[in-house]
Structures are given as structure tokens and as C-alpha cells.
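Please read the following points beside the sequence and the coordinates. They are arranged by topic, beginning with the sheets and ending with the pockets.

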Amino acid sequence: MTPTTDLTLVQITDTHLRPKGEHVLGAVDTHAVLTHILDKLRTGGRRIDALILSGDLADTAAPEAYQRLRAAVEPVAAELGAQVLYVMGNHDERASFGIELFGRSPDSAAIAPYDQVLDVDGLRIIGLDSTTPGRHDGYLEAEQLTWLADQLRDPAPRGSLLVLHHPPLPSAIPAAEYLKLRNADELAAVLSGTDVRMILCGHNHMTAASACASIPVWVGPALAYRIDAMAPSGRQYGLAGSGFTRIDVLETAIIATAVETTPTTRLYDKSENEVQERLEALAAEQR
């Protein structure tokens, strides 16, 4: 039976958590930012079907960082009734990632990539580990691509969503070219003709959109900080700022919307019904 209820997912990327008392770049308390975002989700009164954390979950792979992440995320996910997908990023380290988030033994935690499949009411969400230990650029091994092709052989009722940390795209700034997914063409060959409806990534700390194998690619806003994509020529700016992505899975489309969480001034606070009624009245006047 084809599912009929729309889904809402949340992508949180590049949390870069550190042990208690440590700040990213000496300035950003990423744990405080994460708990603020989770509280917004918990108290917002909206249904959320899955939380997707798309890499660089820890900044230095300290076990305590993963413990703090799990302690923050999983009670909120349980309260919301949301499934959770953790995906590796280049700042993550497989042993700590596996031990603290998946309960793996120290002997097995660092051996293989963390590739996973989540079924969210008929939507297949595939998390690919695009990391190579000791490197910051991305790469998918031949075995991973074969595994991915096997997973995608049969269509899912709502189609598939692919999540990996490294975008399979060129970058808006030259420095990020050294950090991209190196074999994006091989990934595109596997994805062509499949039921993948969107690819979610992080890594670049710049919100962006493009396509791979004619599939929309969304690079979500980072939680930790931002890189200014229009800094003066020859300069690179890191800026304070945070956000996450709301993803609405409809029958005919998937919509990714960046949500700003940097402290700012609220210009108005109106009833949603009031706004809809006003827009409906304006539309009626234009007929």
C-alpha cells in the first residue's frame, strides 16, 4: 500500500561537539547551540519523523563529545517519536563514533565504514560513510558503491533519500575543492535511474544546492559556524551563525528549507490562521 501521510525530517549537520568547557574556534559553544535547536524542535508542536545528523558530529573525536551528543539528541528524538540517523564526517573517528553511538566493541568499531539504511514509513534513508581515516576529503570504496547499488535495486514505497557528509559537487570556494568527494562520478553512475529523490550533505559550512545524476543535492547549513561564500577575493571568512534543515517529503516532491537559528530580532508574531486568511483574501481580490 502506498503511504499517504506526508513526512517531516530534520537534518542537523556539522555539530562539531567538544568535551564540556571547550569551544570551537575558541568562541562557539556548539553543545549550547545543539540543545537550543533540539529544544526548538521539542517544543514546536510539529511532527518530526526522523533526525538526520550528517557528519562532523564531534570536532576532535573525543569520546565525551559523542556521549554529550547522544545524551542531547536521543531523549528528544524519543519524545518526538523520531528515528535517528548518525552519519560519519571527516572530523569523526570511526572507533569513538562506533563505540559511543552504536555500542560497538573496541575491536570492531574502527574496521568498516558506517553505512546504514533506515525505513521511515516507506521512505528509505541511506547513510553512506564517505570518510577515509586520516583524510579530510571524501571517497566511496568500490565495496560501498556495490552495496549501495544492491540497496537501490528495488524501489521503496516513498523512494529513497541518500545522506553523506561530502557533497558530490564542485565548491563555490577554491579551498573546499581539496575537501570534496573525489569519486562523485562513480556515485552518479550508481544513482542514475534509481529511486533516489534527494541527496543530503554537509561539510562545506555553506548552504547550497545543485544536482548529481539529475538528482537534487542539498548542502545543509552548519550548526557550528559558517564560511562566507562572498568574502573579498583572496580571503576566507569564518562567521558566527547556525541553522538546520527542514525536509518535507510529499507524494510529488521533497522540499528542503534552511531554518535560521542564529539569535536575531523577531519582526512579527502572528497566528498562522490569520496570515493564511489574509493571503486568501488577497488572492480572491486578484481574481
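**Notes on the sheets, loops and pockets**

1. Leu9 stands opposite Ala50 in S2, and S1 and S2 pair in the parallel sense over four bridges. Here helices (H or I, at least four residues) and strands (E, at least two) are DSSP runs numbered from the N terminus, and two strands pair if DSSP finds at least two bridges between them. This is a predicted model, in which local features need pLDDT of at least 70 and side-chain atom pairs count only at pLDDT 80 or more, while totals for chains, interfaces and linings use all residues. Residues are numbered from 1 along each chain as its sequence is written, and side-chain values use heavy atoms, with hydrogens and water left out.

2. The open sheet that contains this pair has five strands in the order S3-S2-S1-S12-S13, with mixed pairing. Strand S3 (83–87) and S13 stand at its edges with a single partner strand each, so one side of each has no neighbour in the sheet. From one strand to the next the twist averages 20°, where axes are lines fitted to C-alpha atoms, for helices over the stretch in contact, and angles run from 0 to 180 degrees between N-to-C directions.

3. Another open sheet, also of mixed pairing, has six strands in the order S4-S5-S6-S7-S9-S8. Its edge strands are S4 (116–120) and S8 (208–212), each of which pairs on one side only, and the twist averages 20° from one strand to the next. Within this sheet, S6 (residues 160–164) and S7 (residues 196–201) run parallel and are joined by four bridges; the bridge partner of Leu162 in S7 is Ile199. Helix H4 (residues 142–151) packs on the sheet and touches S4, strand S5 (123–128) and S6, its direction making about 180° with that of S5; contact means heavy atoms within 4.5 Å.

4. Two residues in the loop between S1 and H1 deserve a check of their backbone. Most residues other than glycine have a negative phi, yet His16 has a positive phi near 50° and Leu25 a positive phi near 55°. Which of the two terms, buried or exposed, applies to His16? His16, found in that loop, is buried, with a relative accessible area of 2%, whereas Leu25, which lies in the loop between S1 and H1, is exposed at 66% (buried is under 20% relative accessible area, exposed over 50%, partly exposed in between, with a 1.4 Å probe and protein chains only).

5. Ala58, in the loop between strand S2 (50–54) and helix H2 (63–80), is buried, with a relative accessible area of 0%. Leaving aside neighbours within four places in sequence, Ala58 is in contact with His16, Leu17, Ala65, Tyr66, His91 and Asp92.

6. The largest pocket (on a 1 Å grid over the protein atoms alone, an open set of points where a 1.4 Å probe fits, with protein on both sides within 12 Å along at least five of seven lines; lining residues have an atom within 4 Å of a point) is lined by 36 residues, of which Lys40, Arg46, Val259, Glu260 and Arg266 lie nearest its centre. Strand S1 (7–12), helix H1 (30–43), strand S12 (243–249), strand S13 (254–260) and helix H6 (272–285) each supply at least two residues of this lining.

7. The second largest pocket is lined by 19 residues, and Leu179, His203, His205, Tyr225 and Ile227 lie nearest its centre.
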